[in-house]
Structures are given as structure tokens and as C-alpha cells.
Amino acid sequence: MKLSTRSRYGVRLMLALGISEKKDPVFLKDIARAEEISEKYLSQLIIPLKAMGLVTAYRGAHGGYILARDPARITLREIIEPLEGEMSLVDCVSSPEVCGRASECATRDVWSHMSVLLLEFLNTFTLADLIEKYRDKREHGKCPDDYSI
């Protein structure tokens, strides 16, 4: 299983907002430059994140984006789900009607259990945890020193 670029870049976008040294709104162009991600692509990712209430947008010369909630109250699941959609590993887990064998399929039980474990993990890991990991790696020389937004 692979997470899409949407999810990976969406998490990086949220991390960039979370580690921003200034408390003012951050421009997407600044995040795009620092993360080496297209600003156009980030502008597509910010829409579902804003719709979920994870980010707040400000217009104008001093506009940009900030986190709408404390990073400790934002789970990775909340970031990834609106970007990925349904988080079941296989279609029959969330929609058993797509497969005529769903009721007697032993492998469906495995995929279902794996999906539950994945969602549980994503619910326990917060943006604050990721920010802490980033800062720890930066402090111990495992992140570029010039990484700033």
C-alpha cells in the first residue's frame, strides 16, 4: 500500500504551518519554495484541509494560512482522510456489496483488521508529534539547517 502524493504533500504542508516560527499567516508560495512543491498543487491540497477546519485562510497583503487548531488536536487521520478519501485497504472492507464473496471471504477479515489498525495508528499520531520529530531531527543534525518558512 502506498499513500498518494496528495497525502504526503498535504502532511508536509500541515507540518510547514505547524513549524512556522512566526505566528502570522504563511503564504503558500513560501511553503512551496521551502518544500519544493508546486504552489498550484498546494493550492489544490489546501481546499479540503480548510473545509475540514484544519487551516484558516486570511486574505490581503498580510494574508496566508495558519493552523485552525492546536497541533496536538490534529491527527494524521484528519489530514490524510480528506486528501485520500476512503481509507480502507480494499474496496470490499467499506463496501461489501462490491464483492459477491464478501460474506465468506477469509482474506476480507484480514484486510478489515489491517484497515482498523491503520486508522487507529493515524488517530493516535498528531501533528504535534510530527512537529516534535522534526525539531528533534533538526536539533540533532538530521534536517537541513536552512529549513525555515
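The protein chain holds 7 helices and 2 strands, where helices (H or I, at least four residues) and strands (E, at least two) are DSSP runs, numbered from the N terminus. This is a predicted model, in which local features need pLDDT of at least 70 and side-chain atom pairs count only at pLDDT 80 or more, while totals for chains, interfaces and linings use all residues. Residues are numbered from 1 along each chain as its sequence is written, and side-chain values use heavy atoms, with hydrogens and water left out.

**Exercise 1. The whole chain**

Describe the order of helices and strands in the protein chain, and state what share of its residues is buried.

*Solution.* Reading along the sequence, we meet the pattern α-α-α-β-β-α-α-α-α. The C-alpha trace spans about 60 × 35 × 25 Å along its principal axes. For burial we need cut-offs: buried means under 20% relative accessible area, exposed means over 50%, and partly exposed lies in between (1.4 Å probe, protein chains only). By this rule, buried residues make up 36% of the 149 residues. Finally, we turn to contacts, which are heavy atoms within 4.5 Å. Among contacts between residues at least 6 apart in sequence, 63% join residues at least 24 apart.

**Exercise 2. A pair of rings**

Determine how the rings of Y9 and Y41 are arranged, and which helices the pair ties together.

*Solution.* We start from the rule that rings of Phe, Tyr and Trp (its six-membered ring) pair if their centres lie within 6.5 Å, with planes under 30 degrees apart counted as stacked, over 60 as edge-to-face and the rest as tilted. The structure holds 2 aromatic pairs. In the pair of Y9 and Y41 the ring centres are 5.7 Å apart and the planes stand at 85 degrees, so the pair is edge-to-face. Because Y9 lies in helix α1 (residues 5-19) and Y41 in helix α3 (residues 39-51), the pair ties together parts that are 32 residues apart in sequence. Y9 counts as partly exposed at 22% relative accessibility, and Y41 counts as partly exposed at 23%.

**Exercise 3. Helix α2**

Find the residues of helix α2 that are buried, and say what covers them.

*Solution.* Helix α2 covers residues 28-35, and its buried residues are L28, D30, I31, A32 and E35. What covers these buried residues includes α1, α3 and β2. After α2 comes E36, whose phi is positive, near 55 degrees.

**Exercise 4. The hairpin**

In which sense do strands β1 and β2 pair, parallel or antiparallel?

*Solution.* Two strands pair if DSSP finds at least two bridges between them. Strand β1 (residues 55-58) and strand β2 (residues 64-67) are joined by 4 bridges, and their sense is antiparallel. Following the partners across, we find that V55 has L67 in β2 as its bridge partner, while A57 stands opposite Y65 in β2. The hairpin has 5 residues between the strands, and in it G60 takes a positive phi near 100 degrees. In a regular strand, the side chains alternate between the two faces of the sheet.

**Exercise 5. Helix α6**

Compare the expected span of helix α6 with the distance between its end C-alpha atoms, and then work out where its buried residues lie around the axis.

*Solution.* The expected span of a helix is 1.5 Å times one less than its number of residues. Helix α6 (residues 106-124) has 19 residues and should therefore span 27 Å; its end C-alpha atoms are 28 Å apart, which agrees. The buried residues of α6 are R108, S115, L119 and L122. They cover an arc of only 65 degrees around the axis, so they lie on the same side of α6; the arc is that of the directions from the helix axis to the C-beta atoms. On the other side of α6, A106, D109, H113 and T124 are exposed. The cover over the buried residues of α6 includes α4 (76-84) and α5 (91-94).

**Exercise 6. Residue A128**

Locate A128 in the chain and list its contacts beyond four places in sequence.

*Solution.* A128 lies in helix α7 (residues 127-139). With a relative accessible area of 25%, A128 is partly exposed. Once its neighbours within four places in sequence are left aside, A128 is in contact with P71 and A72.
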